[in-house]
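The exercises below are to be worked with the sequence and the coordinates side by side. Each one gives a task and then a solution in steps.

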Amino acid sequence: MSDIFEQNWSEETDIEGVMLPADAMERERYAEFFTEFLSGEGKPGNGYVLNIDAPWGTGKTYFLQRWKNSIEHRFPVVYIDAWKQDYSDDPMLTIFASIVGQLKKMTPETEKSKAVLSKLGKFSKAVAPALVKSLVKKATGVTVDELYENMSEDDGKQLTSTSSDVAGKLTEELIKDHNAKLASINDIREAIAAWVDEVIDQTERESPAFIFVDELDRCRPSYALEMLEVIKHFFSTEGVVFVIATDTEQLQHTIKGFYGAGFDAQVYLGRFFNRRATLNSVSRSVFIKAKLGQTECEKILYKVGFPQIDLTVDKFADVICSIADAADLSLREVEQLIDRTISVLRFSKKPINVMLFLILCICYQNDRRLYRQLIKGVQINTEVETVNRKLNDLMETSIRIKCVNGQIASLKDENTFSIRIKHLIILFFQRNKAHYNQFDKLIRIKDETNKHNVISDFVQYLPSVSNLVYQDLVELSASLKQI
């Protein structure tokens, strides 16, 4: 266990009713490093904003949740899921309410906390008009302006008859609301700093407070940009650090879509962050094992008919990884492939040739012509061709297989043979023994004199498959679309 963290990341943990698996991506050391870095940077000056930049599939949410859970005994900690709250038209209120609400749970009510609540009341009054508008939009699906546009003619006449009296008062009130909101900013910063100090004093925690902001790149563009502006200009407070996790490249595309293709989104985002940090890239193998760990797939592994995996998740992961590596799939594509495979294993009443299913899924996704060719049953002497780079790489890749039980093998394993995937998939569909004899020249084996026995053993082990059954399974699973 780490000297810095209370929890051991090598073990699964329950966080607010959600069971998070063990740290298969070696993220704990990053959290330890960033914690010590920010604990120093966040004390002096005007706070600190760190951007955790990591692409999809690298476990940003998992990282933030485990990090938060590991340091909340030592520091005041707040977690904000920006995407869940982007229905609001006011990110300032979202941040302030989250900070106040979560810090309030950490300490008993004191004179300082009462003073903060008093300032919160003033702030709430200042933003009440904007909040009312957002609540009307959430409840009715239309804005206040749209409600005005949709009024009846009689309603419009009644409003017009009194508009001269109301207009001046409305303008005056709007100016007052605007000024009140601006005047509240200093109160906000002072109140948060005071509350952080109170939490530290009452609970013997350390400075700074950590504010984690997650899922910002999934928010509406206007909301995401407003939240960054709010954090930078109104919540840069001594003793408070913000950790904002984003797929920053994707966020830059969002900004360009908002301001125009020629807009320099990278420079623009640089204004909001003191420093940008990246997480280490995740291998397909690590990603696949982490993903399978979330599916409880061990309960259905008995349905894997080929290749042999001895009912172990690691060997199941090796099968998926061997195909994903050969096709050079992205992590998003790998996740979709896993979801489809698990869904089929749960659905099927009979054992599945998982290797065949994986290959057919990739073919279906990338080259329907080749997929139909394979489903119809190509002959041994037919050259499997495709113009798709992923599929071409996949078909030409050789894998090693154990002769006796069909397990995925390594170079160190004895009694194995090597075969290209394009030849293996044809073999899956050709049960005529006359065809097996032609595989003498297609497989590679150390002991050429034993080649006949190798083929015989493998063919005897190889399960029979039905073209129509696998077509049905592949196309059913394809209904699970990628978001």
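**Exercise 1.** In this predicted model, decide whether Phe34 is buried or exposed, then do likewise for Phe63, and characterise the geometry of their ring pair.

*Solution.* Begin with accessibility: Phe34 has a relative accessibility of 7%, and because the limit for a buried residue is under 20%, Phe34 counts as buried. Phe63 is buried as well, its relative accessible area being 0%. Next take the rings, whose centres lie 6.4 Å apart and whose planes meet at 85°, so the pair is edge-to-face. Finally place the two residues along the chain: Phe34 belongs to helix H1 (residues 28-41) and Phe63 to helix H2 (residues 60-71), with their positions 29 residues apart, so that the pair links distant parts of the chain.

**Exercise 2.** Determine which parts of the chain are tied together by the pair of Trp67 and Phe212, and find the cluster of linked rings in which both take part.

*Solution.* The rings of Trp67 and Phe212 are 5.0 Å apart from centre to centre, with 65° between the planes, which is an edge-to-face arrangement. Trp67 lies in helix H2, whereas Phe212 lies in strand E5 (residues 209-214), so the pair ties together parts that are 145 residues apart in sequence. Both residues are buried. Following the ring pairs outward then gives a cluster that consists of Trp9, Tyr30, Phe33, Phe34, Phe63, Trp67, Phe75, Phe210 and Phe212. In the whole structure, the search returns 17 aromatic pairs.

**Exercise 3.** Identify the residues of the largest nonpolar core that touch the most other members, and list the contacts of Leu292 beyond its neighbours within four places in sequence.

*Solution.* The largest nonpolar core has 61 residues, and those touching the most other members are Leu292, Phe316, Met355, Ile359, Leu360 and Leu394. Helix H13 (residues 354-366) gives the most to this core, contributing 11 residues. With its neighbours within four places set aside, Leu292 is in contact with Cys297, Val313, Phe316, Ala317, Ile320, Ile338 and Ile342. Apart from this core lies another, of 39 residues, which includes Ile192, Ala209, Met227 and Leu251.

**Exercise 4.** How many disulfides does a search of the whole structure find, and which cysteine sulfur is nearest to that of Cys363?

*Solution.* The search finds zero disulfides. For Cys363, the nearest cysteine sulfur is that of Cys361, 9.4 Å away, and Cys363 is in no disulfide, because a disulfide requires sulfur atoms within 2.5 Å. Cys363 is nevertheless buried, with a relative accessible area of 0%, and Cys297 is likewise buried at 0%.

Definitions and conventions
Residues are numbered from 1 along each chain as its sequence is written. This is a predicted model: local features need pLDDT of at least 70, side-chain atom pairs count only at pLDDT 80 or more; totals for chains, interfaces and linings use all residues. Side-chain values use heavy atoms; hydrogens and water are left out. Buried means under 20% relative accessible area, exposed over 50%, partly exposed in between (1.4 Å probe, protein chains only). A nonpolar core is a set of buried Ala, Val, Leu, Ile, Met, Phe, Trp, Tyr and Cys residues joined through side-chain atoms within 4.5 Å. Helices (H or I, at least four residues) and strands (E, at least two) are DSSP runs, numbered from the N terminus. Contact means heavy atoms within 4.5 Å. Rings of Phe, Tyr and Trp (its six-membered ring) pair if their centres lie within 6.5 Å; planes under 30 degrees apart count as stacked, over 60 as edge-to-face and the rest as tilted.
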